[in-house]
Structures are given as structure tokens and as C-alpha cells.
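Colleague: I'd like to go through the labels in this model and hear the reasoning behind each one. Can we take them in turn?

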Amino acid sequence: FTVAYAVSFIKCGDFQTNAAGLIDASLIIRHSIHKMSSRNPSSGSKYDYKMYAIVHRQAETCSEKIKEMGFEVMVVDHPVEQSDIRGEHLRKNIHREWCCGHQEFIKLFAYTLPHEIVVHVDIDFLFLKPMDHLFDAILYHKDSPEGRAAREKIELQRPGDVLPDRIGAFITRDWPQVAPNKFPPAYQAGFLVARRDHSIMHEMVEVIKEGNYSNGWGHNYGWGNKGYGGYVGAMAMQGLVGYYYDHIRPNNAVELNQCRFNHMGMDSLYRHQPNFQARSKFVGKCRAGGTDDCEQCMETPLEQIYSVHYTMCKKPWMCTAEGKPGGRKPLIDEWQVNLKHCHELHHRWHEVRQDFENQLYDLTKDETIKEGASGTYKTDLFLGHCGGEKDGNYINLAGKDETFKQVSKLYD
């Protein structure tokens, strides 16, 4: 059985990633997927994969290379024009939303890919373990032996949650932004496992066009005046998808443990920014639910993590090893993440890149591949892929053009 794995290219680069970095990131995601798929017998997975890139028309030029390397490229326009949004505040302001305004809604095309199960992730992502139990839980009836076994293995954000009879999606929530009891959690827009369903994209597009979004922060603002507003990404995917699965199509999506899936390594407790209020009665308690007991994502062992999303730990290609409590760009903020844990996450990404380079060299004997690992900065951490601290010192994957045209042979 084949699962569609997709990334989206909205533009050819920004302050975090240039066009060449997008290619590197895409290839490393793909390599990590391959290692946990049925094509790698040691993974134990029964699921194969196919790679897709959902590419905004403005980013078409920087997608040519990954097409040569085995991605199926789907060039699209954003599904909603800003001028078609009827709600005044959303129409006039969505273009300012992180990261890409209404252009981010191209991610909705993931629901239409031609496979029964779709996985969509951001480009700053890595897979560590197979997710067969999630796929089984979508594919098999809840009362079948396979369905029951799969459901028992799901690591939920709240153990004991009642699962839908027919699971439509697995998501994680953006708990690190939540001020307890002030507003409901957003959807974390870097990760989605979903059943193919054209109707979901259609319904979300209609919600966007209606534009029922009010400016403000708290339970009476945002999408449908239900609290999905005022935080980073609220007008785009983060707020929209959270609102949709809670109010438009409830009892469809299952919330996974944020420390195990789409892992960002961020502090699970409410004790620093963002959205921190020092006088709150929830200071020191869990952001998720305001309770006293929750898994601390800053300390989750790597062997328990299925996937990593490089956000507050910084991108692996930003070559950032230094941190400070409250540290601002380019430092890693040690109030929000554990520096040693971030190093472990970075090292794992660079290990996967190193494995890709070694396999490509064994296939092609192209000596120029080794130039990509010629860096001397913290080689125990970055494995030769960085020439110094901070962004701008990353050394891109190296090799001749004809070498990269053979990448697909690694995965046949």
C-alpha cells in the first residue's frame, strides 16, 4: 500500500531558507521517509511511499530540480483570491499573516492527492519512525482486528480520548503558543496525516471565502468568533484548520501527542513567552489544559519520537549551536527549548544527510560529493556540513548535475 508524502513550495526562499536549501531539505525528508518505509526491510514497515511537491506557481522555477530527483510536482495557484474573501478584516489583512498569507492555503491540495492516505509536512522536517499504526487506523474498520490493534497503539495528546468511528485525520496542536484558558489551541500547520477527501478542501475554501474572522485575542475573536485568532498563523492554516476540525467537521481529526509527533522540543509548561502573563494562576502548569502533569517535550528521548519539526531549535541548515535563556535571533532560546536536546535533533538530521551522501557516492563514485562535507565547524554536531556559527555558513549538498539526476536510483 502506497502513502503520498507531500511538501509545499510557496516561494523559492525566505530569510530562513534559500532555493538551494529547499532542495537539500526536500531530499533529506525523502531519505528519512525511505528509511522508515517498506523499501527498507529493516524498518519493519509494510507501507510504501510516493513523493509529491505542491508548488505555488511563483515557485515553479525552483522545483525543476526535485522533479528530476523523483518528486511528482503539482503546480497550483492559491485556491482563494484575496479579493474573493467577503469578510472585511480577513480580506484586508490576510496577506500580512505568517508565513505566506492566503498563499499558504495551497497546502489544502494535499487532501486531493491520488492516494487513500496523505502525509503533508513542512520542509523543515524529519521522520524517525514508521507510522504504520496511524495508517492502519485510517484504513481498517474500527471493529476489525487490525483496526482495534492500531487504535490501541495511538499516542494521544490526552490518553483516554474517544476516537471517531471513522478517523479522517491525525494532527497536532500548537500548544506552545497557548495561554491556558485564554483561547483554544491552534492547529500546528507543519504536520498532517489524512484520508484523501476532496470535500474537506472544498469546505475549508468556502470557510475562507466567507471570511468570518474578527480581529482580537481570546475566546470571542478569530474564526467564527470562537477564539481561533490573535496568534501567529491564526488567519491562515494554524487558525483555520483548528477551527474547522473543532466546529465545522468535529469528530473527524485525532490529536496526537505533541512530544512524539511533529516534535518541536518546546517547553510544555507555561512559564515564558509566547503569550505569557506573569500574574496568571497557570504559571508553571502545562500549557495543554493547565494541569500539573504532562510530558515535557524538551526532554522526550529520541527513540520515542516519530517525527521532528525544526522550529524553535532552528533549522539544521542554519548552523546554530549556541543558545541563551531568552536568546533572540540568531541564538537558540533556552527558555523555550533545551539546547542539548536541540543538538541531538540537529545531529540526527545531519546523520540522515550524511547517509544520503554516502549512498549517493557509493552509487556514482562522484568525488565532488565530498565537498559538501568539508566544513570544520563543530564537526561532531554538524558532520562537516557547516563552516561556522549562524546562517550563511551551511554547505549545500555537492555533486555534479548528472549525479543528482541519478538520485532516484537510490530508491528504486
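Modeller: What follows is a run of labels, each set against the cut-off behind it. Keep in mind that this is a predicted model.

Colleague: Fine, start with the helix pair. Why are α6 and α7 called roughly perpendicular?

Modeller: Helix α6 (residues 198-210) and α7 pack at an angle of about 110°, and their axes are 11 Å apart. Roughly perpendicular covers 65 to 115 degrees, and therefore α6 and α7 get that label.

Colleague: Which residues meet where α6 packs on α7?

Modeller: From α6 you have I200, E203, M204, V207 and I208. On the α7 side they meet L240, V241, Y243, Y244, Y245 and I248. By type, the contact divides into ten nonpolar residues, no polar ones and one charged.

Colleague: What makes E203 the charged one in that list?

Modeller: Glu counts as charged, along with Asp, Lys and Arg.

Colleague: On to the rings. What makes Y213 and W223 an aromatic pair, and why is the pair called edge-to-face?

Modeller: Two numbers decide this, since a pair of aromatic rings is described by the distance of the centres and the angle of the planes. For Y213 and W223 the centres are 5.5 Å apart, and the planes are at 80°. A pair needs centres within 6.5 Å, and edge-to-face needs planes over 60 degrees apart. Both conditions are met, so the label for Y213 and W223 is edge-to-face. Y213 is in strand β8 (residues 213-214) and W223 in strand β9 (residues 222-223), so the pair ties together parts ten residues apart in sequence.

Colleague: How do you know whether Y213 and W223 are buried or exposed?

Modeller: Buried means under 20% relative accessible area. Y213 has 9%, so it is buried. W223 has 0%, so it is buried too.

Colleague: How many aromatic pairs does the structure hold?

Modeller: There are 17. There is also an aromatic cluster formed by Y5, F125, F127, F191, F261 and Y306.

Colleague: What makes you say that the charged end of R39 sits over the ring of Y49?

Modeller: The charged end of R39 is 4.0 Å from the ring centre of Y49. The limit is 6 Å, with the charge also within 35 degrees of the ring normal. K65 does the equivalent with F404, its charged end sitting over the ring at 4.6 Å from the centre.

Colleague: R39 and Y49 make me think of Y411. Which residues does Y411 touch?

Modeller: Leaving out residues up to four places away in sequence, Y411 touches R30, H31, H34, R39, Y49 and F356. Y411 lies in the segment after α10 (401-404). With 1% relative accessibility against a limit of 20%, Y411 counts as buried. Its C-alpha atom is 9.1 Å from that of G70, although the two are 341 residues apart along the chain.

Colleague: Why is L163 called buried?

Modeller: L163 has 17% relative accessibility, and the cut-off is under 20%, so it counts as buried. L163 is in the loop between α5 and β6. Apart from residues up to four places away in sequence, L163 touches R151, I154, L156 and V254. The C-alpha atoms of L163 and E255 are 9.6 Å apart, with their positions 92 residues apart along the chain.

Colleague: What makes helix α4 mostly covered?

Modeller: In α4 (residues 132-139), seven of the eight residues are buried. They are D132, H133, L134, F135, D136, A137 and I138. These buried residues pack against β1 (2-9), β4 (117-121), α5 (145-153), β6 (169-171) and β7 (191-195).

Colleague: Now the backbone. Why is N251 called exposed, while N275 is called partly exposed?

Modeller: Exposed means over 50%, and partly exposed runs from there down to 20%. N251 has 58%, so it counts as exposed. N275 has 21%, so it is partly exposed. N251 has phi near 60°, a positive value in a residue other than glycine, and N275 has a positive phi as well, near 55°. N251 lies in the loop between α7 (237-248) and β10, and N275 in the loop between β10 and β11.

Colleague: Where are the cis peptide bonds that involve P274 and P330?

Modeller: One joins Q273 and P274, with omega about 10°. The other runs from K329 to P330, with omega near 5°. P274 is in the loop between β10 (253-255) and β11 (307-309), and P330 is in the loop between β12 (323-324) and β13 (332-333).

Methods: Residues are numbered from 1 along each chain as its sequence is written. This is a predicted model: local features need pLDDT of at least 70, side-chain atom pairs count only at pLDDT 80 or more; totals for chains, interfaces and linings use all residues. Side-chain values use heavy atoms; hydrogens and water are left out. Helices (H or I, at least four residues) and strands (E, at least two) are DSSP runs, numbered from the N terminus. Buried means under 20% relative accessible area, exposed over 50%, partly exposed in between (1.4 Å probe, protein chains only). Axes are lines fitted to C-alpha atoms, for helices over the stretch in contact, and angles run from 0 to 180 degrees between N-to-C directions. Angles under 35 degrees count as roughly parallel, over 145 as roughly antiparallel, 65 to 115 as roughly perpendicular and the rest as oblique. Contact means heavy atoms within 4.5 Å. Rings of Phe, Tyr and Trp (its six-membered ring) pair if their centres lie within 6.5 Å; planes under 30 degrees apart count as stacked, over 60 as edge-to-face and the rest as tilted.
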